[in-house]
Amino acid sequence: MLITKTIQGLLIPVSLLLLLPSETVAATLGICYGRVANNLPPTSEVVNILKTNGISNVRIFDPDPVTLQSFSGTGINLMTGVPNEVLPSLASGTPSSALQWLQTNIFAHIVPSQIRYIAVGNEVLLKDPFYAPHVVPAMVNIYQALKTLNLDNTIKLSSPQAASVLSKSYPPSLGAFNPSLRSVLLPLLNFLRETESPFMVNVYPYFSYTSSTSNRISLDYALFRSNDMVQDGTLMYGNLFEATIDAIVHAIEKEGFAEVGVIVSETGWPKGGGEAASVENALAYNENVVRRVVGNVGTPKRPGVGIEVYLFDLFDENGKSGDECEKHFGIFGLDGIEAYDLRFNSAN
């Protein structure tokens, strides 16, 4: 009989734990609950799906009252988003007005102990650069509000960015931020260092592969099955996921913020609607990500340092704009049955 232990909502074989340092626990594995759709099951059913599959960390993209109320008291931890369009008012206001916003939009619906992160904006520099100057001022006001509530140590703030904030990513050691974005990224990194919060990045090897005009990125390299390793100094890379993370780490270090950790706030692979989008490839990609998280594999630059990851997406979102594949990232069907056999607790 396999003896397991539950750590941060994951069932992990004790035999695996014995291989890890005694103070080590598995890195957090969560899932994104996008709701840009008109056919999703009620949130109460969603909670049951999550619990049935041992998923206890969820990212939602806006503080919808009904959604927050449905999660309240479930023991599921949340990363909740602040919509990009709200940033100007939070930035131009005061800590007191930010406190009022938090109380009205979040804490009136769910206990603070279930909120792990507040994601202030999402991919602002890529999608909504108009809001870029408002990101850090909004974060400062929210942080001061959290401090007033004595929640600044338990709820961390960050602002998820697309991996395209890098102007160079290959090889990873040359990773560097786009110089035109430094006016926003440097104050952001400084805030993250001062508040001991992580840099959040959305990592999508799928889009890197499909947009690679030079065919430099192979499908096997994107799907963790390449036999050809990419050498970068003394380090070897066998997949684009780890290479992208390390490129971000190098870029952060180059700016003088080595203390700032990295969280993958979104990653996934579509199962339809585009080139190389299939159930088989989605399973192959997500399965390998799960193994690395649960097994605390880390990356070639930081081996054995577990990376917190949020898989995208819980369900297909039929209201998504853009390429057709954007609508087909769902790991679960609307009936709560997995679209493919992904084990959320497997390191093997």
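1. Helices (H or I, at least four residues) and strands (E, at least two) are DSSP runs, and they are numbered from the N terminus. With that in mind, A277 can be placed in the loop between β14 and α12, in a model that, as a reader should keep in view throughout, is predicted. A277 is buried, because its relative accessible area is 14% and the cut-off for buried is under 20%. Setting aside the neighbours within four places in sequence, the residues that A277 touches are Y206, W269, P270, K271 and G272. Between A277 and G54, which are 223 residues apart in sequence, the C-alpha to C-alpha distance is 26 Å.

2. The loop that holds A277 deserves a second look, since A276 is also placed between β14 (262-267) and α12. A276 has a positive phi of about 65 degrees, although A276 is not a glycine. I would suggest reading this backbone angle together with the place of A277 in the loop between β14 and α12.

3. Moving on into the helix, V279 belongs to α12, which covers residues 279-294. Is V279 buried or partly exposed? With a relative accessibility of 32%, V279 counts as partly exposed, whereas A277 in the preceding point is buried. Once its neighbours within four places in sequence are left aside, V279 is in contact with K271, A339 and Y340; K271 also appears in the list of contacts for A277. V279 and G93 are separated by 186 residues in sequence, and their C-alpha atoms lie 46 Å apart in space.

4. A second non-glycine residue with a positive phi is E123, for which the angle is about 50 degrees. E123 sits in the loop between strand β6 (115-120) and helix α6 (124-127). The relative accessible area of E123 is 8%, so E123 is buried.

5. The backbone also contains cis peptide bonds, and the one from Y170 to P171 has omega near -15 degrees. P171 is located in the loop that runs between β9 (166-168) and β10 (176-177). Another cis peptide bond joins F312 to D313, with omega of about 25 degrees, and D313 falls in the segment after β15 (309-311).

6. That segment after β15 also holds E317, whose relative accessibility of 2% means that E317 counts as buried. What does E317 touch, leaving aside its neighbours within four places in sequence? The contacts of E317 are with G34, R35, V36, A37, F312 and K327, and F312 is a residue that takes part in the cis bond to D313. E317 and N77 are 240 residues apart in sequence, with 22 Å between their C-alpha atoms.

7. Turning to helix packing, α7 (residues 135-148) and α8 (residues 182-194) pack at an angle of about 20 degrees, and their axes are 10 Å apart. α7 is therefore roughly parallel to α8, since angles under 35 degrees count as roughly parallel. The crossing of α7 past α8 is left-handed. On the α7 side the contact involves V136, M139, V140 and Y143, which meet V184, P187, L188, F191 and L192 of α8. Sorted by class, this contact of α7 with α8 has nine nonpolar residues, with no polar and no charged ones.

8. Helix α7 also packs with α5 (residues 95-107), here at an angle of about 75 degrees and with the axes 8 Å apart. The two helices, α5 and α7, are therefore roughly perpendicular to each other. From α5 the contact uses P95, A98, L99, L102 and F107, and from α7 it uses N141, I142, Q144, A145, L146 and T148. By class, the contact of α5 with α7 has eight nonpolar and three polar residues, and no charged ones.

9. How many disulfides does a search of the whole structure find? The search finds zero disulfides, and the distances explain why: the sulfur of C32 has its closest cysteine sulfur in C325, at 16 Å, which is too far for a bond. A disulfide needs a pair of cysteine sulfur atoms within 2.5 Å. C32 is buried, with a relative accessible area of 0%, and C325 also counts as buried, at 3% relative accessibility.

Methods: Residues are numbered from 1 along each chain as its sequence is written. This is a predicted model: local features need pLDDT of at least 70, side-chain atom pairs count only at pLDDT 80 or more; totals for chains, interfaces and linings use all residues. Side-chain values use heavy atoms; hydrogens and water are left out. Buried means under 20% relative accessible area, exposed over 50%, partly exposed in between (1.4 Å probe, protein chains only). Axes are lines fitted to C-alpha atoms, for helices over the stretch in contact, and angles run from 0 to 180 degrees between N-to-C directions. Angles under 35 degrees count as roughly parallel, over 145 as roughly antiparallel, 65 to 115 as roughly perpendicular and the rest as oblique. A crossing is left-handed if the near helix is turned anticlockwise from the far one by less than a right angle, and right-handed if clockwise. Contact means heavy atoms within 4.5 Å. Ala, Val, Leu, Ile, Met, Phe, Trp, Tyr, Cys and Pro count as nonpolar, Asp, Glu, Lys and Arg as charged, and the others, Gly among them, as polar.
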